[in-house]
2 protein chains.
Amino acid sequence: MATKGGRILFVPASKQAEGAEGKTILDAARDAGVYIDAPCGGKGLCGRCGVRVVEGEAESPSEHESALLKTAERAPGYRLACMALVKGDMAVFLPQEGLVSHAGKKLFAGRSGAIDPAVKGYHIDLAEGEADRARLERVAGLLALRHRLDNLSTDPAVLPDLGRTGSDLEGRATILVREEKEIVGALPGWDARRLGLALDIGTTTVAAYAADLKDGRLIATGAVTNPQVLFGPDVMSRISYSSRRPDGAKRMQAVLIASINALVRHMADEKGFDASEIVDATVVGNTVMHHIFLGIPPDRLGLWPFTPTIRRSLDVKARDLGLDLGRAASLHVLPLEAGFVGADNVAVLLSEAPHTRDEISLVIDLGTNGEIVLGNRERLLSCSCATGPALEGAHISSGMRAIEGAINKVRIDAATLEVDYTVIGKDCRTAGQEGALAPAGLCGSAVVDAVAQLYGAGLIGRDGAFSQGRGSARLRKGESGMKEFVIAWKGETKTGRDIVLTQKDIREVQLAKAAIYAGCRVLMHRLNVFSVDRIAIAGAFGMRLDKESAIALGIFPPVDSDRIAMVGNAAGHGAYLALMDEAKRKEADRIAAWVVHVELAREETFQREFMNGLSLPGKTSA
Amino acid sequence: MATKGGRILFVPASKQAEGAEGKTILDAARDAGVYIDAPCGGKGLCGRCGVRVVEGEAESPSEHESALLKTAERAPGYRLACMALVKGDMAVFLPQEGLVSHAGKKLFAGRSGAIDPAVKGYHIDLAEGEADRARLERVAGLLALRHRLDNLSTDPAVLPDLGRTGSDLEGRATILVREEKEIVGALPGWDARRLGLALDIGTTTVAAYAADLKDGRLIATGAVTNPQVLFGPDVMSRISYSSRRPDGAKRMQAVLIASINALVRHMADEKGFDASEIVDATVVGNTVMHHIFLGIPPDRLGLWPFTPTIRRSLDVKARDLGLDLGRAASLHVLPLEAGFVGADNVAVLLSEAPHTRDEISLVIDLGTNGEIVLGNRERLLSCSCATGPALEGAHISSGMRAIEGAINKVRIDAATLEVDYTVIGKDCRTAGQEGALAPAGLCGSAVVDAVAQLYGAGLIGRDGAFSQGRGSARLRKGESGMKEFVIAWKGETKTGRDIVLTQKDIREVQLAKAAIYAGCRVLMHRLNVFSVDRIAIAGAFGMRLDKESAIALGIFPPVDSDRIAMVGNAAGHGAYLALMDEAKRKEADRIAAWVVHVELAREETFQREFMNGLSLPGKTSA
């Protein structure tokens with residue numbers, strides 16, 4: 001029998017179905033175990049199941065369908081999943097997965113640092129001074145006289161505002177000056193609001209924080225899937241895409257910039273500000289994201305000796321990268337440490353400040369790529385390890401992002417082997433409450449929980465293999481002949497399919513865990529310490545991770561549970577600190593130059609530690 | 001009888017016809033006395049008569065017509081004048097008039113100044129140095145080591161070139177550095193060519209000069225009609241357009257930038273270079289053009305005290321204004337002197353250097369607006385006068401630009417009153433040769449000639465009025481009842497209409513002459529001199545002006561003919577000097593600050609001198 005056509009790939013979930021030809025995209029998604037919210041049951045009534053066909057042939061929507069699409073989705077390729085038929089091979093992007101919840105807010109509350117942003121406002125009164133001097137020269141004269149600011153240059157984007165007559169800029173005005181060097185804005189009155197933006201560009205997720213530059217108040221946060229997942233799930237596949245195509249880096253930059261613009265617009269609409277009010281921004285990201293963001297092909301990072309093109313920090317104009325912020329807005333891109341330890345890790349260090357402490361800190365930023373830093377005020381070592389996307393729920397058979405409908409906690413009764421779980425609800429409130437949602441899949445923390453619970457219940461051994469011993473309807477052979485454990489029966493789920501954890505899923509977790517474990521161990525060898533005083537787990541995933549599960553699996557070196565802190569998106573917080581305090585930018589430059597980078601692949605002990613890390617710890621440890 | 005519809009306006013010629021409804025645009029142009037080249041006689045065969053309908057309803061061209069249109073003209077609004085019918089009111093742009101000849105080349109030959117451009121190339125060898133440092137840091141290290149260049153910033157547009165692997169940038173490379181401050185380019189090899197562009201933005205014409213930055217060699221020149229003529233013929237109408245519409249300045253900026261891009265592309269295609277090879281540029285222009293070029297509404301220049309928005313020189317990135325040059329190319333915009341004495345006049349002074357001479361120079365830049373400078377190394381005074389467009393052939397009944405088919409010299413036999421003239425030929429070679437073209441109208445120099453010759457032949461009196469005395473078939477009452485003199489009979493012309501000079505045309509010349517005369521006289525009063533040692537006439541028009549005719553009309557203060565120099569586009573030459581020698585930019589800043597501006601309208605003597613200037617000089621003077 002010939003293979004039936006219609007291979008369909010869903011992104012960012014990275015799931016696919018074969019032989020979907022002629023089915024609706026909604027049905028094909030169900031086949032692939034991908035959850036698309038369709039409250040009307042796929043009857044073409046509610047207009048909620050909008051998707052975008054990014055590769056392959058999408059027919060134009062009917063008039064009825066067009067009218068149902070959300071305004072933002074009235075663009076080429078957008079269809080309702082319940083009405084569009086699969087035709088040939090297709091890749092389909094799920095915008096519902098685009099805007100994800102963000103768990104980093106806590107970090108910003110209660111913390112207060114110096115407020116001394118790079119872009120500051122200076123008050124002048126244009127009614128003062130000689131009326132017959134050129135307007136800009138009057139502004140410059142008043143800034144020199146009243147604020148001792150001399151030899152300022154001017155961003156040409158400011159000039160049109162100064163030229164218009166009869167504007168509000170005739171009397172009191174606030175002049176925005178960047179680093180006491182460049183005039184970057186002229187606002188009427190002395191109360192003018194100006195905003196800043198901190199951007200954390202991850203391989204999978206882009207997070208943004210908008211803050212008031214006058215008082216540091218966070219006014220909006222948001223996150224969006226990095227649309228580069230279309231080109232590959234991890235940094236190596238992005239490098240490879242760039243190397244294969246002359247315009248590869250440019251294409252990846254373009255989709256990234258577009259998604260940041262959409263994210264900022266979304267945040268602005270929601271919180272009642274205008275993107276043009278943003279006059280300064282800071283950017284962090286891993287080395288590959290950093291390069292692509294700047295339009296630099298990351299190709300050199302894929303070749304020995306893996307050198308970046310630029311390592312030092314950089315100031316660029318937002319408009320030069322196509323970002324729709326204020327017309328004269330600048331971007332401060334934080335420096336890289338080395339090779340694959342990027343500006344995001346520098347930002348984590350700004351936030352966690354292990355270089356200011358006596359005790360030995362282990363700072364782990366868990367993302368698709370993991371970065372580890374170990375040390376104290378005397379010495380800091382860093383390394384990078386390929387964690388893989390398993391901890392974010394990708395490459396897991398029933399895995400999904402930590403969004404509405406995802407199981408985020410799993411408990412397995414060791415006696416009955418019955419399963420209890422909670423589901424992320426609307427607005428990402430943890431569920432388990434009245435009216436909890438039916439689950440659609442497992443997010444990363446649930447995957448870790450599940451493996452730890454299976455191990456605790458004796459269903460898997462130290463090597464991660466399902467034990468032969470215990471019998472349960474939940475433990476079975478799956479369709480592909482692989483053993484799997486059923487977390488939720490199809491009657492309970494939204495997709496109408498069982499939610500399972502397979503032997504392969506457990507292997508993925510073991511690989512991720514081994515990579516982190518080995519990285520930590522190698523740094524401890526190099527620093528010559530046998531234990532650490534505290535562990536800080538950064539990254540959105542870290543926020544959701546159950547400490548006890550992590551300890552049970554031996555992801556980190558053994559330490560008391562109360563010495564482990566989940567610090568959320570510390571990279572984003574570091575970017576925010578650099579946004580609100582110019583001195584932090586200089587501190588970041590010093591940190592980046594000072595941290596000693598350890599290349600794991602060159603370390604003799606790495607292979608051995610990695611092998612050790614694959615096993616689950618003995619029950620007596622931790 | 002009701003007025004027949006179909007008013008059609010031709011730009012940049014500024015001529016119009018009424019009641020053209022249903023005629024072809026070509027026929028309407030003939031009615032209006034506008035010459036459109038149509039070698040096939042308007043039979044829709046040659047495709048040479050392409051025009052653009054910029055306002056009003058243009059039907060789409062037929063397939064046959066589309067195929068005939070030049071590639072560049074296959075865009076909305078383009079039609080063949082012989083096939084498009086006038087429908088309702090229309091404005092039609094004549095691209096044939098766009099690319100005009102340029103007489104400024106002479107200035108560049110034989111002159112040689114210092115070659116020390118702001119953007120210089122430095123040779124490094126990337127095979128040297130540590131392979132595991134970030135690439136940009138290696139470049140910076142080699143620049144510091146080999147060329148003593150420290151603390152350089154980097155234009156982010158350069159980064160993508162450095163990132164690509166396997167490029168030519170692995171060994172010898174030329175790094176371009178602007179003002180020993182900023183890395184703006186990385187070219188393979190040590191022989192890499194880099195070009196500069198000098199731009200002179202006039203109210204009516206934009207001139208461009210491309211030069212090799214290594215040796216100063218001029219490799220291309222070109223000029224194009226400033227498309228802002230669509231919005232008004234002179235600076236005051238442009239200010240008024242900006243004041244009336246919130247996006248007025250932006251629209252005028254957009255068409256200007258687009259035309260500069262087209263001009264540069266045209267020059268590049270013709271001379272075999274690429275616009276991206278241009279890495280530095282200088283810009284001069286009158287105050288209003290300067291403001292609009294920078295996107296600054298010129299509104300303040302229309303209101304007392306007529307202050308510009310910015311007066312000092314400015315460095316901006318070409319890309320920020322939408323100019324398609326090298327990606328990191330910068331633009332140096334020269335400073336303004338004051339009010340209406342702009343950067344173009346500063347450039348004229350750079351070129352003519354009256355501030356370095358002992359003798360008293362009178363430097364007159366003749367354009368739609370005239371700028372006059374008087375003085376020597378001790379003191380320089382400047383003023384601006386509204387010459388009007390008559391000297392460029394506009395607002396003259398049979399006037400046209402100095403392009404192919406324009407009469408450029410006129411002689412009237414005082415005895416027979418017969419007329420002899422020469423016509424500008426193909427490639428703007430002066431005609432009068434074998435196979436000379438039939439004329440289509442009078443350019444500015446011919447208008448001045450004609451008035452001087454009519455005066456010399458006693459056909460007009462000192463007051464400019466046609467005399468009653470002499471009879472000739474050429475001197476007649478025109479259709480409107482106004483007296484006129486026939487320069488060329490319709491049997492000789494290309495348009496099939498007589499080419500005439502009317503009483504009103506003579507008045508236009510008198511007004512222009514009076515403005516220049518009064519400006520010169522007021523400055524002489526202020527400097528307390530009774531004569532000048534030399535006169536330099538700048539401007540493309542000046543190049544064609546017949547000295548004897550100018551003396552006969554008393555346009556300038558009396559001086560021996562051999563002390564008058566026609567120096568061509570000195571503004572463009574000054575822009576070129578500032579392009580090739582960074583020191584000239586500083587000199588320009590000093591000149592702009594040092595020249596004393598005289599506001600003619602505030603001078604008591606101005607009105608009297610203007611009245612005096614309206615009369616033609618007594619026959620014994622000069």
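Select B:Tyr517 to begin: this residue is buried, with a relative accessible area of 19% (buried means under 20% relative accessible area, exposed over 50%, and partly exposed in between, using a 1.4 Å probe and protein chains only). You are looking at a predicted model, in which local features need pLDDT of at least 70, side-chain atom pairs count only at pLDDT 80 or more, and totals for chains, interfaces and linings use all residues. Residues are numbered from 1 along each chain as its sequence is written, chains are lettered from A and ligands numbered from 1 in the order in which they are written, and side-chain values use heavy atoms, with hydrogens and water left out.

**Around B:Tyr517**

Now show the helix that holds B:Tyr517, which is H10 of chain B, residues 503–527. Helices (H or I, at least four residues) and strands (E, at least two) are DSSP runs, numbered from the N terminus. Which residues touch B:Tyr517, leaving aside its neighbours within four places in sequence? They are B:Gly554, B:Ile555, B:Glu609, B:Asn612 and B:Gly613, where contact means heavy atoms within 4.5 Å. Add B:Phe606 as well: 89 residues separate B:Phe606 from B:Tyr517 along the chain, and their C-alpha atoms are 9.9 Å apart.

**Two helices in chain A**

Move to chain A and select residues 503–527, helix H10(A). Its 25 residues should span 36 Å at 1.5 Å a residue, and the end C-alpha atoms are indeed 36 Å apart; the expected span is 1.5 Å times one less than the number of residues. Of those 25 residues, 19 are buried, so H10(A) is largely enclosed by the rest of the structure. Just after H10(A) comes A:Asn528, with a positive phi near 65°.

Next, try H6(A), residues 248–271. For its 24 residues the expected span is 34 Å, and the end C-alpha atoms are 35 Å apart, which agrees. A:Gly272 follows H6(A), and its phi is positive too, near 70°.

**A strand with two partners**

Select residues 278–285 of chain A, strand E13(A). Is this strand mostly covered or mostly open? Mostly covered: eight of its eight residues are buried. Strand E10(A), residues 195–201, pairs with E13(A) in the parallel sense over seven bridges (two strands pair if DSSP finds at least two bridges between them). To see one of these bridges, pick A:Asp200 and its partner A:Val284. E13(A) is also joined by four bridges to E15(A), residues 330–333, and these two strands run parallel. Here you can pick A:Val283 with its bridge partner A:Val333.

**Salt bridges in chain B**

Over all chains, the structure holds 63 salt bridges, each being a side-chain nitrogen of Lys or Arg within 4 Å of a carboxyl oxygen of Asp or Glu. Show B:Arg585 and B:Asp280, whose side chains meet in one of them at 2.8 Å, N to O. B:Arg585 lies in helix H14(B) and B:Asp280 in strand E13(B), so the pair ties together parts that are 305 residues apart in sequence. Both residues are buried.

For another pair, select B:Arg377 and B:Asp358, with the closest N and O atoms 2.9 Å apart. B:Arg377 is partly exposed at 44% relative accessibility, whereas B:Asp358 is exposed, with a relative accessible area of 56%.

**Where the chains meet**

Zoom out and show both chains. How does chain A superpose on chain B? A rotation of 180° with 0.0 Å of shift along its axis does it, with an RMSD of 0.1 Å (a least-squares fit on the C-alpha atoms of residues with pLDDT of at least 70 in both). That is the relation of a two-fold axis. To find the axis, select A:Asp320, whose C-alpha comes closest to it among the residues of chain A, at 4.0 Å.

Colour the contact residues next: 39 in chain A touch 39 in chain B. Together the chains bury about 3400 Å², 56% of it on carbon and sulfur atoms; buried area is the accessible area (1.4 Å probe) that two parts lose on being put together, summed over both. In chain A, A:Arg164, A:Arg300 and A:Arg312 lose the most area to chain B, together 19% of what that side buries.

Six salt bridges are counted between the two chains. For a last stop, select B:Arg300 and A:Glu170, which form a salt bridge with their closest N and O atoms 3.2 Å apart.
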